[in-house]
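Subject: Structure handover

Hello,

Here is the structure I promised to pass on. Please open it alongside these notes.

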Amino acid sequence: MTTDRPTAPVPDQEDHVDDPQPDRERPVRRATDSEPDHAFGAPPAVRARGVSKTFGSRRSQVTALSEVDLTVAAGEFVALIGPSGCGKSTLMRLIADLEAPTSGSLEVFGKPAARARADQDYGIAFQQAGLLPWRTVAANIALPLELHRAPRAERKQRVAELVELVGLGDFAKSRPDQLSGGMQQRVAIARSLAERPRLLLMDEPFGALDEMTRERMQAELARISLETGAAVVFVTHSIPEAVFLADRVVVMSARPGRITDEIVTGIGRDVVRDEHLREDPAFFSKVTEVREALHAGPVSASGAHER
Amino acid sequence: MTTTRTRPAPGRPATASPAATERIGRVVAPVVVGVIGLAGWQFLVSVVEVSPYLLPGPQEIGSELNDNFAAVREAFWITGANAAIGLLFGTVVGIVLAGLAAWARVVDGMLAFVVASLAVVPIVALAPVLNSMYGADSEYGRRAIAAIAAFVPVYVNTVRGLRQTTPQHRDLMHSYSASGWQTFSSLTLPSAAPHVITGIRVASSLAVISALVAEYFGGPRGGLGSFISTSAATSAYALAWAYVVAAIVLGLVAYVVTVLIERLVQWRLPTGGRS
């Protein structure tokens, strides 16, 4: 598994040149400082042009996505919101190269999505934590590092950092079934961050959590995304969650799935995501704006059939 | 045997007994049942005077076992080795073929009928055929029978185990660009392990029983099964029972060994497959 990423050469590693870089205190917005080969500015984290996706056989086709254009800048936090069946998860899966678009072009950091996946340019988290039950918390987080043959010492150090980052220092040796749902999801997020991806793809990661855990997790994700400086594509169906976390909320509608509106939240990255923000009138007005944008589109009354 | 677990329960409330007492109880209870059983048996033979042709007493069986200890031990090893070799061979073939079947549906389709046939073949029918096939002085027929008996549960359970991965886990491995081997070794195999172990546990008792029963139907003289039948045929009933005791011990040894293997795997993979 070669992960020949377009980063600056690492001088002090002889035999593992293709491993993730060991420097820990990576500055925010790594895309700008670690890509000397893009003279005219870093490419956006995601650029989708006229992307469509249809599922099914010739007889019964379902159009999940129709002519979607979306650009996510490096370091930007974008929330995809919309009713069930609007194709928001499908769009995320296309970016992750878990599915291939039927038509249109999709680039991740200026590369085809398949190449970006091979280069491990993104980390991914799903609605279910999806931990391997026979591995400890630490071993679960280490999984991507093991698969990409990171040296043992570096792996250990990175896992220790991540366990602290998600506040599970005391649970590194626990098994997933000993943890609550929220804690499992934190492990999944730590795992998605293991290789310092410049892009995080999250498909309703807090969808299965109770409201209180969910709000706490949102605050933590906001902190983590600020600390790592990674771009985030965050699929959700919660309006407050989208506004609370994102720089930009992309509103989608169903049948066919397409983007109907985009709302810049205007809440800077440096604004602390806490209870005060949730009670801020500006926050409320953005929530209202997103809600109206959602309802402006033809609301699918019956809910959804496909993803 | 089934009464041993329930026996201590009515005497004292379960909540009141500390863990230590319960542990001792778990050891003592079956011993008590065993002693009572043996005493009852001896009582039937000595006091009620049941004919020794019908039922030799435990004392008699014990002394036969003592007198013929070397012979019994040799027979024990012969049968044990046949069962172990058959189990090993059946397990390896079962796992390899199950791996192929899980990897390609075509293989599964090809094997399904063969496995279903093997599963219903009676040892009684197969043993004479294989014994004459390999010749009267060869153990291979018996080992082949044990292997066939062991193969079926291992294959069936392993195929099922190898299909336990969830779509999300597969997506995750795909997102890591994991190679086929990596996906197999870090996802598919650990998911399958508890199922494989279950298969081996079932197979171990089947292998012992098959190796024993196969000895009834010809082949070289030697082994517990053949001595049970010859002893019974020459009216040496107590000696036949002595061999039966050895056969029980062999079955228990096989059981304990597989439990230990299971513990070992569970220690490595504590919660098993999916949770």
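Confidence comes before anything else. This is a predicted model. Chain A has an average pLDDT of 77, and 83% of its residues reach at least 70. Within chain A, the low point is helix α1(A), residues 30-33, with a mean of 40. The high point is strand β8(A), residues 231-236, at 90.

Two stretches need care. Residues 1-39 of chain A stay under 50 in pLDDT, and the model gives them 46 contacts beyond four places in sequence. Residues 299-307 of chain A are also below 50, with 18 contacts beyond near neighbours in sequence. Where pLDDT is low, the predicted coordinates should not be read in detail.

Now the sheets.

One open sheet in chain A has six strands, in the order β6-β7-β8-β3-β9-β10. Its pairing is mixed. The edges are β6(A), residues 122-125, and β10(A), residues 258-264, each paired on one side only. From one strand to the next, the twist averages 15°.

Both senses of pairing can be seen at the ends of that strand order. β6(A) runs parallel to β7(A), residues 199-203, over four bridges. There, Tyr122(A) stands opposite Leu199(A) of β7(A). β9(A), residues 248-253, is antiparallel to β10(A), with six bridges joining them. Val251(A) faces Asp261(A) of β10(A) as its opposite number. β9(A) and β10(A) form a hairpin with four residues between the strands. Look at Arg255(A) in that hairpin: its phi is positive, near 50°.

The other open sheet has four strands, ordered β2-β1-β4-β5 in chain A, with antiparallel pairing. β2(A), residues 62-72, and β5(A), residues 111-112, are at the edges; each has a single partner strand, so one side of each lacks a neighbour in the sheet. Inside the order, β1(A), residues 46-55, runs antiparallel to β4(A), residues 103-108, and five bridges join the two. Val46(A) has Val108(A) in β4(A) as its bridge partner.

Next, a helix pair.

How do α4(A) and α5(A) lie relative to each other: parallel, antiparallel, perpendicular or oblique? The axes of α4(A) and α5(A), residues 152-165, come within 9 Å and cross at roughly 130°. Angles over 145 degrees would count as roughly antiparallel, and 65 to 115 as roughly perpendicular. The two helices are therefore oblique to each other. The crossing of α4(A) past α5(A) is right-handed.

The residues that meet are these. α4(A) brings Val137(A), Ala138(A), Ile141(A), Ala142(A), Leu145(A) and Glu146(A). α5(A) answers with Arg155(A), Arg158(A), Val159(A), Leu162(A) and Val163(A). By class, that contact has eight nonpolar residues, three charged and no polar ones.

Last, the chain contact.

Chain A gives 17 residues to the contact and chain B gives 18. On the chain A side, α3(A), residues 113-118, and α4(A), residues 137-147, each supply at least two residues. Which element gives the largest share of that side? α4(A) does, with three residues. The side of chain A that touches chain B divides into 11 nonpolar, three polar and three charged residues. Note that α4(A) turns up twice: it meets α5(A), and it supplies residues to the side that touches chain B.

Best wishes

Key: Residues numbered from 1 in each chain as written. Chains lettered and ligands numbered in written order. Predicted model: local features only at pLDDT ≥ 70, side-chain atom pairs only at ≥ 80, totals over all residues. Contact = placed C-beta atoms within 7 Å. Nonpolar A, V, L, I, M, F, W, Y, C, P; charged D, E, K, R; others polar. pLDDT = per-residue confidence, 0-100. Axes fitted to C-alpha atoms, helices over the stretch in contact; angles between N-to-C directions. Parallel < 35°, antiparallel > 145°, perpendicular 65-115°, else oblique. Left-handed = near helix turned anticlockwise from the far one by under 90°. Pairing = 2+ DSSP bridges.
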